[in-house]
Structure formats: C-alpha cells, structure tokens
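Student: Could you take me closely through a single part of this model, the aromatic rings and the helices that carry them? After that, I would like to hear what can be said about the protein surface beside the DNA.

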Number of protein chains: 2
Amino acid sequence: MELKNTILQLFPKLSEANDANGINILEHCQQMTIPEGTIVFHQGDQCLNYLLIISGSVKVITRAENGREIVLYHITSGGSCVLTTSCLISSEDYPAEGVTETDILALAIPKPIFEKYMGESKAFRKQVFHSYGDRLIKLITLVEEISFAKLDIRLAKYLLTNGSVNTPIRTTHQALATELGSAREVISRQLKEFENKGWVQLNRGKIEITNHDALANLLPATH
Amino acid sequence: MELKNTILQLFPKLSEANDANGINILEHCQQMTIPEGTIVFHQGDQCLNYLLIISGSVKVITRAENGREIVLYHITSGGSCVLTTSCLISSEDYPAEGVTETDILALAIPKPIFEKYMGESKAFRKQVFHSYGDRLIKLITLVEEISFAKLDIRLAKYLLTNGSVNTPIRTTHQALATELGSAREVISRQLKEFENKGWVQLNRGKIEITNHDALANLLPATH
DNA sequence: ATACGTTAAGTGATAATGTCACTTAAAACG
DNA sequence: CGTTTTAAGTGACATTATCACTTAACGTAT
C-alpha cells in the first residue's frame with residue numbers, strides 16, 4: 001500500500017529492522033483528515049489518541065488575556081503532538097491550543113494501542129521520545145530567541161526561511177506578529193524599514209524579498 | 001533503609017502496587033552527592049545516566065552571546081532532568097546548562113538499566129513521561145510569561161513565592177534578573193519603586209517584604 | 001582599624017518594543 | 001456600486017533593555 005510506505009518513510013523508527021511489532025501498529029490505527037482552520041485541541045481538552053501527522057501542518061499557540069498570541073511551534077509531516085501525548089499519559093491541562101494551518105492527514109493511535117506498543121516496541125518508544133526531546137529543545141530555543149534576539153533579526157530570519165527572491169511570502173503582519181510573539185504595529189514598522197532600505201516589497205498580504213543578501217547580513221554568523 | 005523510603009516517597013510511580021520491577025531499579029542505581037555551584041551539564045555534553053534528584057536543587061539556564069541569562073526551570077526533590085533523558089535517548093546537543101544551586105543528592109540510573117526498565121515497567125515509563133509533560137508545560141508557561149506578562153507582576157509573583165513578611169529573600173538583583181530573563185538595572189529600578197511605595201525593604205543581597213497584600217494585589221485574579 | 005580589591009547596587013541617557021486609539025486603504029461581497 | 005470586512009499605517013506614550021559609568025557595602029590582609 002502506498003500510504004503504508006509513506007508512513008514508514010516518515011516514521012522510520014516504526015520500521016526498524018529487528019522490531020516486528022513496530023509495523024503492526026499501522027494495522028491498529030486510524031487515518032483521519034482534518035480541514036484547515038480546525039482547532040485540534042484547546043486548554044482543558046481531553047485526548048484519546050496519539051497523533052502522527054502524515055501531511056499538512058498544525059500550529060500550537062498560546063494566548064494572553066489581552067488577545068496577544070504567540071506560536072510555540074508547528075507540527076509538520078513526520079511530527080507528533082507531544083502535548084497530546086503528554087496528556088495521554090499524565091492528563092494535565094493543555095496550556096496551549098492547536099490549530100490546523102492546512103488540511104491535514106493524520107494517523108490516530110488509540111490510547112490502549114499506544115500504551116501496548118510503548119511497552120512492547122523499543123523502536124516505538126524511541127520514536128515517541130525523540131519527538132519529545134525535539135520539542136523540548138525547540139521550546140528552549142524559542143525562549144532563548146524571544147528573550148535575547150532582536151526583532152529585526154528574528155524577522156529577517158523568518159523572511160529568509162519562508163520566502164526567497166522569487167517566491168513571495170503570503171501572510172499578514174498580524175500572523176507574523178503572532179509567529180514572532182510581537183505586536184502587529186511593531187512588525188509593520190519593521191517591515192516598512194526593510195522596504196525603505198529596498199530589501200523587501202510590501203503589498204497587502206504579500207511580502208517579496210528584493211535583496212536576500214542584505215537580510216542575510218543581519219543574521220549572526222552561522223554557528 | 002531510610003533512603004529507600006525517601007526515594008519511594010519522592011517517586012511514587014516507582015513503587016506502584018502491582019509493578020514489582022519498579023522497586024528493583026533502586027538496586028541498580030548509584031547515589032551521588034554534588035556540591036553547590038557545579039555545572040552538571042553544558043551544551044554538547046554527553047550523558048550516561050538518568051538522574052533523579054533526591055534533595056537539593058538544580059537550575060537550568062540558557063545564555064545569550066552578550067552574557068545575559070535566563071533560568072528555564074529548576075529541578076528540585078522528586079524531579080528528574082528531562083534534558084538529560086532526552087539526550088539519553090536521542091543524543092542531541094544540549095541547548096542549555098545545568099548548575100547546582102545547593103549541594104544535591106541524586107540517584108543515577110545507568111543508561112542500560114534505564115532502557116531496560118523503560119521497557120519492562122509501565123510505572124517507570126509513567127514516571128519518566130510525567131516529568132517530560134510537566135517540563136513541557138512549565139516551559140510553555142514560561143514562554144507565555146516572558147512574552148506577555150509585565151515585569152512588575154512577574155517580580156511581585158517571584159517575591160511572594162520566595163519570601164514572606166518574616167522571611168526575607170537572600171539574593172542579588174543580578175540573580176533575580178536571570179531568574180526573570182530581564183536586566184539587572186531594570187530589576188533594581190523596579191525594586192526601588194516597590195521600596196518607595198513601602199512594599200519591600202532593600203539591603204545588599206536581601207529583600208524584605210513589608211506589605212504582602214499590596215504586592216498580591218498586583219497579581220491577576222487567581223484562576 | 002585601615003586600606004584595597006571585589007561584588008552589589010544606583011543613575012542618566014538613549015534605543016528598542018509594546019500599547020492605545022485611532023485613520024486609511026484594499027479586498028470581498030451583496 | 002456601495003457596504004462590510006480585513007489589513008495596514010500613524011502618532012503619542014509607556015515599558016523594558018542597553019551602555020557607560022558611579023557609588024556603596026563587604027571581605028580580607030596588613
């Protein structure tokens with residue numbers, strides 16, 4: 001089956017050599033498609049499945065009382081929702097909300113199956129732990145960035161990783177502010193500055209990079 | 001043995017009823033004491049043990065190039081180092097550094113034993129996952145706080161949770177800045193403001209709370 | 001007890017970000 | 001075509017961070 005191969009490619013740990021159990025997991029789980037813009041979970045929700053994302057992307061955000069939001073991370077193909085997993089095991093309240101950014105195709109492993117394979121398959125455990133460690137490290141990096149890095153640098157970095165000279169970025173200043181944990185006005189002004197310098201060209205809902213190198217020079221030396 | 005009881009009390013998951021394996025773990029691991037101020041791990045270190053803290057406290061921080069630091073979290077009695085665990089399994093680079101804040105007593109479970117029990121004991125898995133989820137949630141809360149909460153509120157909260165009218169807080173403004181991810185000068189000014197309002201009394205290395213309620217009123221309503 | 005070096009805290013100027021209360025402009029839709 | 005919606009711009013002001021210092025308190029050795 002095509003799908004099965006895709007899955008095994010995305011989650012190699014499930015197919016590791018001498019671990020026959022891993023593969024069986026696929027027979028006990030359920031495919032699901034979820035449309036864009038769906039709230040997959042919010043604070044306090046309970047969850048009954050371990051979710052693996054096969055295609056599409058989910059963003060996990062937290063919101064302040066005054067409405068400001070910040071994106072904690074994105075889950076894309078090959079990722080799993082560690083918050084969901086965490087709740088699967090310890091059943092605490094979600095401190096965040098998950099929203100699909102595109103239509104997604106996901107694999108839901110029911111709680112009992114999840115627990116069974118956590119016990120039986122070392123490879124599956126590794127897969128799960130890997131997601132956890134990964135997420136933890138990304139979160140720590142986020143803390144580092146929002147506390148220390150200047151906004152122009154973070155913005156430039158975002159622009160460079162999400163667009164290029166030929167492929168404009170389609171997003172709003174508000175979405176960008178959420179992505180970087182800043183305020184819309186601040187992003188607007190910063191972008192305007194970039195535009196004045198001739199580094200980008202702005203249009204409603206679209207940002208075109210016109211000078212890649214100048215933006216890249218803003219970033220700290222690669223390390 | 002006294003110690004054994006202490007450990008079982010701190011890590012109840014290790015002693016859950018029908019899970020005999022959990023208890024055996026204790027026979028394969030090693031006690032260790034580490035003096036205050038020791039760097040337990042830094043970026044790039046490799047780690048060979050799963051660490052459980054029995055007494056004392058470790059702070060985990062990350063540092064910017066310009067020297068500014070922020071405390072990510074503390075590990076205290078009953079906690080385990082999830083970063084260490086993460087590295088135990090996936091062997092990525094540490095994005096942070098761990099420093100003992102007091103002398104600590106810890107239990108080191110060697111990697112092979114750790115993996116063995118992860119497979120055999122559901123209770124142990126639960127214990128480990130619980131630490132993970134916990135940490136994840138705390139980190140998300142931290143992101144929320146540093147991006148949204150105002151400094152006076154965060155400072156007031158810190159003062160109230162770490163001291164009271166009769167028990168002064170012994171720390172420096174610099175340490176406080178690190179704890180809250182701010183700059184020393186900013187903390188000094190904010191504290192001075194509190195002092196001017198008669199809410200605290202400042203002395204070198206010591207902060208005394210003189211008006212608990214006023215500080216508490218700064219905090220958002222309990223929820 | 002005094003002097004000296006070290007660490008903690010204070011200060012003023014300035015830059016960067018965030019917040020508020022709007023206005024203006026572009027797109028979407030009946 | 002006019003009316004909503006949604007996106008973006010703006011000025012004034014508040015908060016926080018940074019820089020380049022100064023001042024004060026403490027520990028230690030003479």
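Tutor: A residue counts as buried here if its relative accessible area is under 20%, calculated on the protein chains only. The model is predicted, and by that cut-off Phe114(B) and Phe124(B) are buried.

A good place to start is helix α5 of chain A, which runs over residues 122-148 and spans 38 Å from its first C-alpha to its last, close to the 39 Å expected for its 27 residues. At the start of α5(A), a side-chain oxygen of Ser121(A) comes to within 3.3 Å of the backbone nitrogen of Ala123(A). This helix is mostly covered, with 19 of its 27 residues buried.

Over all chains the count of aromatic pairs comes to 8. One of them joins Tyr132(A) to Phe129(B), edge-to-face, with 5.3 Å from centre to centre and 70° between the planes. This pair crosses between chains, since Tyr132(A) belongs to helix α5 of chain A and Phe129(B) to helix α5 of chain B, and both residues are buried. The rings of Phe114(B) and Phe124(B) have centres 5.7 Å apart and planes at 75°, and the pair is therefore edge-to-face. Because Phe114(B) lies in helix α4 (residues 111-120) of chain B and Phe124(B) in helix α5 of chain B, the pair ties together parts that are 10 residues apart in sequence. A single aromatic cluster is formed by Phe129(A), Tyr132(A), Phe129(B) and Tyr132(B).

Charged side chains also meet rings in chain A. Arg135(A) lies over the face of Tyr73(A), at 4.3 Å from the ring centre, while the charged end of Lys116(A) sits over the ring of Tyr117(A), 4.8 Å from its centre.

Turning to the DNA, strand D is surrounded by 18 residues, the closest being His173(A), Arg189(A), Arg204(A), Leu151(B) and Ser182(B). Sugar and phosphate make up 48% of the strand D atoms that come within 4 Å of the protein. A polar side-chain atom of Arg189(A) lies 2.8 Å from a base oxygen of DNA strand D, and an N or O atom in the side chain of Arg189(B) lies 3.1 Å from a base oxygen of that strand. The elements giving two or more residues to the surface near DNA strand D are α8 (184-196) of chain A and α8 (184-196) of chain B, and the largest share, 5 residues, comes from α8(A). By class, this surface has 10 charged, 6 polar and 2 nonpolar residues.

For DNA strand C, 17 residues lie around it, and Leu151(A), Ser182(A), His173(B), Arg189(B) and Arg204(B) come nearest. Of the strand C atoms within 4 Å of the protein, sugar and phosphate account for 49%. A polar side-chain atom of Ser182(A) lies 2.6 Å from a phosphate oxygen of DNA strand C, whereas Glu185(A) places a side-chain N or O atom 3.1 Å from a base nitrogen of DNA strand C. From chain B, a backbone N or O atom of Gly205(B) lies 2.8 Å from a phosphate oxygen of DNA strand C. The largest share of the surface near DNA strand C, 5 residues, comes from α8(B), and by class this surface has 10 charged, 5 polar and 2 nonpolar residues.

Terms used:
Residues numbered from 1 in each chain as written. Chains lettered and ligands numbered in written order. Predicted model: local features only at pLDDT ≥ 70, side-chain atom pairs only at ≥ 80, totals over all residues. Heavy atoms only, no water. Near = heavy atom within 4 Å. Polar contact = N/O pair within 3.5 Å; in protein donor to acceptor, adjacent residues only side chain to side chain. Helix = DSSP H or I, 4+ residues; strand = E, 2+ residues; numbered from the N terminus. Nonpolar A, V, L, I, M, F, W, Y, C, P; charged D, E, K, R; others polar. Expected span 1.5 Å × (residues − 1). Buried < 20%, exposed > 50% of the residue type's maximum accessible area, 1.4 Å probe, protein only. Phe/Tyr/Trp six-rings, centres within 6.5 Å; stacked < 30°, edge-to-face > 60°. Lys NZ or Arg CZ within 6 Å of the ring centre and 35° of its normal.
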